[in-house]
There are 2 protein chains.
Amino acid sequence: MKKINTSPISGMQELLPSTQAIFNKAKNYLSETFSNHGFQNIETPIIDRTEILFAKAGGDTEKQIYRVIKTNETADDADQALRFDHTVPLARYVVEHESNLTFPFRVSQIGRNFRGERPQKGRFRELYQCDIDVIGRNKLPIAYDAEVIATLYRALTTNPAFVLPEVRMRISNRKILSGFLAEFNLNNLSDQIFNIIDHAEKVSPDATKKALEDLKIGSEYVNKVLDFIAIRDSRTTAIAKLRSLDISNQQFQEGVAELDKILELLEKQGLHKNAIADMLIVRGLDYYTGTVFEFFLPKYPQVGSICGGGRYENLASNFTDQVFPGVGGSIGLSRLFYILNENKFLKEQNKTPIDVAIIPISEDDYEYAFSVAEKMRKNGQNVDIVLTDKKLGDKLTYASKIANSACIIGETERQSGKIQLKDFSTGKTANLTL
Amino acid sequence: MKKINTSPISGMQELLPSTQAIFNKAKNYLSETFSNHGFQNIETPIIDRTEILFAKAGGDTEKQIYRVIKTNETADDADQALRFDHTVPLARYVVEHESNLTFPFRVSQIGRNFRGERPQKGRFRELYQCDIDVIGRNKLPIAYDAEVIATLYRALTTNPAFVLPEVRMRISNRKILSGFLAEFNLNNLSDQIFNIIDHAEKVSPDATKKALEDLKIGSEYVNKVLDFIAIRDSRTTAIAKLRSLDISNQQFQEGVAELDKILELLEKQGLHKNAIADMLIVRGLDYYTGTVFEFFLPKYPQVGSICGGGRYENLASNFTDQVFPGVGGSIGLSRLFYILNENKFLKEQNKTPIDVAIIPISEDDYEYAFSVAEKMRKNGQNVDIVLTDKKLGDKLTYASKIANSACIIGETERQSGKIQLKDFSTGKTANLTL
């Protein structure tokens, strides 16, 4: 017969069942942590109007959006495409359902987004993103910025699916850099300077210096910027260094005060050890207007950012005149999971998600086997019953592949009610009490 | 500003947070039940090659498939579309990963599929489907058919997200009807007769009779078929009636024996009260070759089938010469949830997913409030902290909207460590011990 290519499309993440189980565990824990921090989960449709999706997208993103060809039955609808992030559909959702929501609205979204990027190692075209946001109406206190950062940090660092090495929260505020540039009348170059800072970690210090020099701002200002972006310290030191720059610009002062407040609130939750003020963090996306943050693994610099987000002064400016300030962050789970797997940070790699395989010797043993299975399942165990008509040895081989332990049910077990559980990893057998 | 339509595209299900929480609870319980019955979860990409997806689709399905326009970066890839069910991607997955899978492969899939249907009440274009399948290699014992049916039944009837009225499992076997028709040399009309039976419940008995008469098979055979499809009884009665038809055709005999075995295995698990043999069940899809089943709510006939599935002799015949027999079933969760909501079968409609809102009176109370929140979260509660700078009364109003209870943290509470929890549904206040 004609051979069909059965591999998934390039750039798609498709996992084997035992790895999928760890992925699901990681995802479920993120979901639980978001819930127990008061974030309410919502799901938006994957297909939305291009008019909505293109309202924010631009440049590269726009080129990567998957558009959808309408079917016979949907021909009367507007142009459609697949969502590429959770923020744009959230803006639509908040405007659409405003009268049924309570603000500040703590919201979480976990699901696949779609970007037709050129496939690279660890970059996926269908990517799970796990987002939380707090949306205010007209105003939103800065304390929520700390709340978002703390929630994401806990969701990652206490996750039972993996052992993460030290995670560092690197936090800044765009008002600080904007105010800094305004103080020295460099605002007209702010796009270029933001861009140089955003790329500084991907190039050598010399290259950054040269890029700044190329702006023809004079060596005094080049050095000022270089000194500024070298500020990367814990709260007290960083805030002191920023204040010692003696910049009177109001935006700068506001940014420093906000950053100080966030670090203070993290301190009050015992999270300051891994939180630093870091002027290298600017975040590429231009809709951030205040706090910006990224999480890194200091011992694995090549991994890059594993989580990021920030504050935006107006979530839905493309859809309404109402002002919805917000703060949010996102974990790119598909990429993170790929990295964790590559670096052997996943737990229970050698286990299967099935706890026990019950092996009835003959059909006469089925009824008793079913009752044993039901009891184990009620105790929260994942139980397979082997219903093939193969020899006992073959059934055991099957069991050893799909489950972590097995028990055989034959006439002896039925009569005595005594069942033995064999653990495949230790090879030991124990009596089972149900 | 220009007003943009912010409603989701027609035919998409978009829920408010409190309803989404119940949906998620229902879905998570299905997932857990599948896991504890030994089904291993997998996820396939939503976008796949049209060559794969169109291998099975045909007729209406093909017209409803959403095709994807390639982006700059994906222009070199094959034609792509969105999956419309879980079965076709599963076939691809099994062929692709065969050497890494253990057979019989118990597999579950929970996710959204896409069909560009004309929107109707309770029919969605993005639809959550929750599938389980057992895939064998070359052969698969009939006992797995009972296992699939029992698992789906338990996942629905013990689901904590809703109170379902009595669920009836209606089971048949396509070999019985095929054998029956062969016995009377009616095989050449089998497509038409399958179709008439499939639609019999949507039309009057007279219309069914007339449709059979229109086939010009003679009144004797019309009556034979009508008597046959009236068989709808519990195991002993139904099997006796089928045997009393005195049909020697081997396929018929095989089908009856298989159906008897499945009903026996359900009996052994105490599920026979709600399981019947029912000759009206044929299932429209032509790839079923043996067992076919559907679940109904007898007290709500207008709801129709809430779950269905069956046995197929060769899952991946379009992709490989290897033979993978399987049995599976699917719960259309989006539609089911819509129906349950309409009929007021959902639990906890008046509750929010947030258990407690903690209200610090001033910023001085934040630190203590954070520590209280952490303790509650570790106890599994969903906790919001109200960080707005509003008056206490306004904070309480907010809390009463988003949470089921609240506690105020002020100087008194900080000093004494005594905290009171107010339950909004009862209005009662209780001392809290952490």
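## A cis proline in each chain

Pro104(B) sits in the loop that runs between α4 (87-97) and β5 (105-114) of chain B. This is a predicted model, and in it the peptide bond joining Phe103(B) and Pro104(B) is cis, with omega at about -5 degrees. Chain A has a cis bond as well, joining Phe103(A) and Pro104(A), again with omega at about -5 degrees. There, Pro104(A) belongs to the loop between α4 and β5 (105-114) of chain A.

Another backbone spot to look at is Asn185(A): not a glycine, yet its phi is positive, about 55 degrees. You'll find Asn185(A) in the loop between α6 (174-183) and α7 (190-199) of chain A.

## Where the two chains meet

Chain B puts 104 residues into the contact, and chain A puts in 104 residues. Together they bury about 9,500 Å², with carbon and sulfur atoms giving 54% of that area. On the polar side of the ledger, 54 residue pairs are in polar contact across the interface of chain B and chain A. Which element supplies the largest share of the side of chain B that touches chain A? That's helix α1 (residues 17-36) of chain B, with seven residues. By residue class, this side of chain B splits into 42 nonpolar, 29 polar and 33 charged.

## Salt bridges

Over all chains, the whole structure holds 65 salt bridges, and 15 salt bridges are found across the interface of chain B and chain A. One to pull up on screen is Glu14(B) with Arg92(A), where N and O come to 2.6 Å. The pair crosses between chains: Glu14(B) is in the segment before α1 of chain B, while Arg92(A) is in helix α4 (residues 87-97) of chain A. Then there's Arg106(A) with Asp384(B), whose closest N and O atoms are 2.6 Å apart.

## A sheet built from both chains

Six strands make an open, antiparallel sheet in the order β2(A)-β4(A)-β3(A)-β3(B)-β4(B)-β2(B). Its edges are β2 (47-49) of chain A and β2 (47-49) of chain B, each pairing on one side only. Ignoring direction, neighbouring strands here are turned by 45 degrees against each other on average.

The chains join up where β3 (residues 67-69) of chain A pairs antiparallel with β3 (residues 67-69) of chain B over three bridges. Along that seam, Arg67(A) stands opposite Ile69(B) in β3(B). Within chain B, β2(B) pairs antiparallel with strand β4 (residues 80-82), also over three bridges. One partnership there is Ile47(B) with Leu82(B) in β4(B).

## The nine-strand sheet of chain B

Chain B also has an open sheet of nine strands, with mixed pairing, in the order β1-β5-β6-β12-β11-β10-β7-β9-β8. Which strands form the edges? They are β1 (40-41) and β8 (232-233) of chain B, each pairing on one side only. Strands β6 (residues 126-135) and β12 (residues 326-332) of chain B run antiparallel and are joined by seven bridges. In that pairing, Asp131(B) stands opposite Ser330(B) in β12(B).

Helices lie across this part of chain B too. Helix α11 (residues 250-267) of chain B lies across β7 (168-173), β9 (275-278) and β10 (291-296), running at about 155 degrees to β7(B). Helix α12 (residues 333-342) of chain B lies across β6 and β12, at about 40 degrees to β12(B).

Notes: Residues are numbered from 1 along each chain as its sequence is written. Chains are lettered from A and ligands numbered from 1 in the order in which they are written. This is a predicted model: local features need pLDDT of at least 70, side-chain atom pairs count only at pLDDT 80 or more; totals for chains, interfaces and linings use all residues. Side-chain values use heavy atoms; hydrogens and water are left out. Contact means heavy atoms within 4.5 Å. Buried area is the accessible area (1.4 Å probe) that two parts lose on being put together, summed over both. A salt bridge is a side-chain nitrogen of Lys or Arg within 4 Å of a carboxyl oxygen of Asp or Glu. A polar contact is a pair of N or O atoms within 3.5 Å; within protein, one must be able to donate a hydrogen and the other to accept it, and residues adjacent in sequence count only if both atoms are side-chain atoms. Helices (H or I, at least four residues) and strands (E, at least two) are DSSP runs, numbered from the N terminus. Ala, Val, Leu, Ile, Met, Phe, Trp, Tyr, Cys and Pro count as nonpolar, Asp, Glu, Lys and Arg as charged, and the others, Gly among them, as polar. Two strands pair if DSSP finds at least two bridges between them. Axes are lines fitted to C-alpha atoms, for helices over the stretch in contact, and angles run from 0 to 180 degrees between N-to-C directions.
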